[in-house]
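Reader: I am in my first year and would like a close look at one part of this protein. Please take me through a helix contact and the residues around it.

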Amino acid sequence: MQALRWHGRGDVRLEEVPEPAAPEPGQAVVEVAYSGICGTDLHEYRHGPNLIRTGPHPLTGHTPPVTLGHEFSGRVVALGSPVPGVDVGTRVAVDPCLRCGSCRWCRHGEYHICAKGGSVGLASDGAFAPLVTVPAEGLVPIPDGVSDELAALAEPLAVGLHAVRRGAVQPGDNVLLLGAGPIGVAALMALKLAGAAGIYVSEPAPERAKRAAEMGATEVFDPAETDVRREVFLRTGRVGPDVVVEATGLPEQVELAVTAVRRGGRAVLAGISGGAASLPLTQLVPFERTVLGTLGYNFDIPRVLELIATARLDPSPLLTGVYPLRRGLEAFDELGSRHHLKILLAPEER
C-alpha cells in the first residue's frame, strides 16, 4: 500500500510500505476514510524534527521514517482482542494519544500528558495510508448521522474544546482569541457553545478574518492596523477580556495574551512554537493573572462527536479541501497558504 512518510526536514515521500500485520491484543487495524493534515504535520515537514524523535521513541521504540497522520476516521477491519462497543465494521474516529497507562498522569486520567506519551502519526505509523494500526483504547465509535468527513475533524475540534474548558469560560464571559487558524476556529466554535458573550478575534490574514466573522465572532481585528489590546479593553467596559486564548504560538502573541487579559483573568496558551516569550512578573503577580498551558484533549473527542450528532456543533466551515493521498505533497504546499484551514486526505485504495 502507499503511505505518505516523513524521512526528515523537507523530506516527505509517498512510497510503498507493507500492510499492517495482524493486530496484537489491545490493538486494532483501521481502514482509513479521511485523514486531516495538522499544523504539526506541516511543521515537521518544514522545520522538523520537532515532536518526531530521531532515535527510538521511549514508548513505541519507533524510529523514522514514520507515516504521518493523526486526525482521522475510518472503519475497524481487525481487532486483536474484544473491545466493548466496537466490532469489526464499526465506524470510528481515533484518539491518537499514545500512553503508558502506568505513570502518575495516566493513573489519574490525564493520559494526554503521559510522561512517555506520544501520538499515532508521530511516534508510530499514522493514517496517511489506507490502513493504520492503533491502540484499541483510542477507538471512538462515530454516531449515526455523522459523516466520515466530519468525524475526521473531531480531533482538531477537540483541541479547541479542551482549550476552552481549560480556560473555564462561563456564559457571559468576554474572550479575546489570538489567531483564527484551524485551532483558533475550533476554539471559536467551542466559545460559542460555552456561551461567551463577546468573542473578539485578532487575525491578520483577510481570508481567515472573514471566516471568523462569518462564524459569529463579535468583532475581528487586524493586528497590523489595530491596537488589539486597547480596542478590546474599551469594548469590554474598560475591564478587559475574562479569558484570552492564544492559538498562534508566536512569542509576541503570548506576551499580548498575558498583558491583555483582565485582572484576575486567565490566559490560555494553545499555540506551540520554538520561540521564547518574555513574561514580566509585574504583568502577572500584581494583577493575579493566571497562565494556563493546554495540550491536545482529554476524553474530548467523544464529546465533539456527540455535539456534531446532536447538531449543536457544525464543523463544516473548518473543512476547506479534500485531496487524494497521492496528491498529499501538493496538499501540504496548499496548506502553507492561509487560504485553507483544514485539508483532508483520502486514500484511493479501499
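Author: What follows starts with one pair of helices and then moves on to other places in the chain. The model is a predicted one.

Start with helix H4, residues 154–166, and helix H9, residues 301–309. Their axes cross at roughly 105 degrees and come within 8 Å. An angle from 65 to 115 degrees counts as roughly perpendicular, and H4 and H9 are therefore roughly perpendicular to each other. On the H4 side, the contact is made by Ala154, Glu155, Leu157, Ala158, Leu161 and Arg165. H9 brings Ile301, Arg303, Val304, Leu305 and Ile308. Sorted by type, the residues of this contact are eight nonpolar and three charged, with no polar ones.

Next comes the loop between strand E16 (290–293) and H9, where Asn298 is placed. Is Asn298 buried or exposed? Asn298 has a relative accessible area of 15%. Buried means under 20%, so Asn298 is buried. Neighbours within four places in sequence aside, Asn298 is in contact with Gly109, Glu110, Tyr111, His112, His162, Arg165 and Arg303. Two of these names have come up already: Arg165 belongs to the H4 side of the helix contact and Arg303 to the H9 side.

The loop between H4 and strand E11 (174–178) holds Gly172. With a relative accessible area of 46%, Gly172 is partly exposed. Beyond four places in sequence, Gly172 has contacts with Gly195, Ala196 and Ala197. Gly160 lies twelve residues from Gly172 along the chain, and 19 Å separates their C-alpha atoms.

A further loop, between helix H7 (228–235) and strand E14 (243–246), contains Thr236. Thr236 counts as buried, at 9% relative accessibility. Leaving out residues up to four places away in sequence, Thr236 touches Asn174, Tyr200 and Pro241.

For a second helix pair, turn to helix H1 (residues 39–47) and helix H10 (residues 328–335). H1 and H10 pack at an angle of about 100 degrees, and their axes are 11 Å apart. That angle makes H1 roughly perpendicular to H10. Asp41, Leu42 and Tyr45 of H1 meet Leu329, Phe332, Asp333 and Leu335 of H10. This contact has five nonpolar residues, two charged and no polar.

Now look at a strand residue. Val66 lies in strand E4, residues 66–67. Val66 is buried, with a relative accessible area of 1%. Not counting residues up to four places away in sequence, Val66 touches Leu4, Arg5, Trp6, Ile52, Gly121, Leu122, Ser124 and Asp125. One of these, Ser124, is 58 residues from Val66 in sequence, yet their C-alpha atoms are 6.6 Å apart in space.

Ser124 also leads to the second largest pocket, where Gln27, Thr60, Leu98, Ser124 and Pro135 are the lining residues nearest the centre. About 280 Å³ of space lies in this pocket, and 13 residues line it. Strand E9 (residues 131–135) gives the most to the lining, with three residues. By type, the lining divides into six nonpolar, five polar and two charged residues.

Key. Residues numbered from 1 in each chain as written. Predicted model: local features only at pLDDT ≥ 70, side-chain atom pairs only at ≥ 80, totals over all residues. Heavy atoms only, no water. Axes fitted to C-alpha atoms, helices over the stretch in contact; angles between N-to-C directions. Helix = DSSP H or I, 4+ residues; strand = E, 2+ residues; numbered from the N terminus. Parallel < 35°, antiparallel > 145°, perpendicular 65-115°, else oblique. Contact = heavy atoms within 4.5 Å. Nonpolar A, V, L, I, M, F, W, Y, C, P; charged D, E, K, R; others polar. 1 Å grid on protein atoms, 1.4 Å probe; cavity = no way out; pocket = protein on both sides within 12 Å on 5 of 7 lines; lining within 4 Å. Points joined across faces, edges and corners; volume = space filled by probe spheres on them. Buried < 20%, exposed > 50% of the residue type's maximum accessible area, 1.4 Å probe, protein only.
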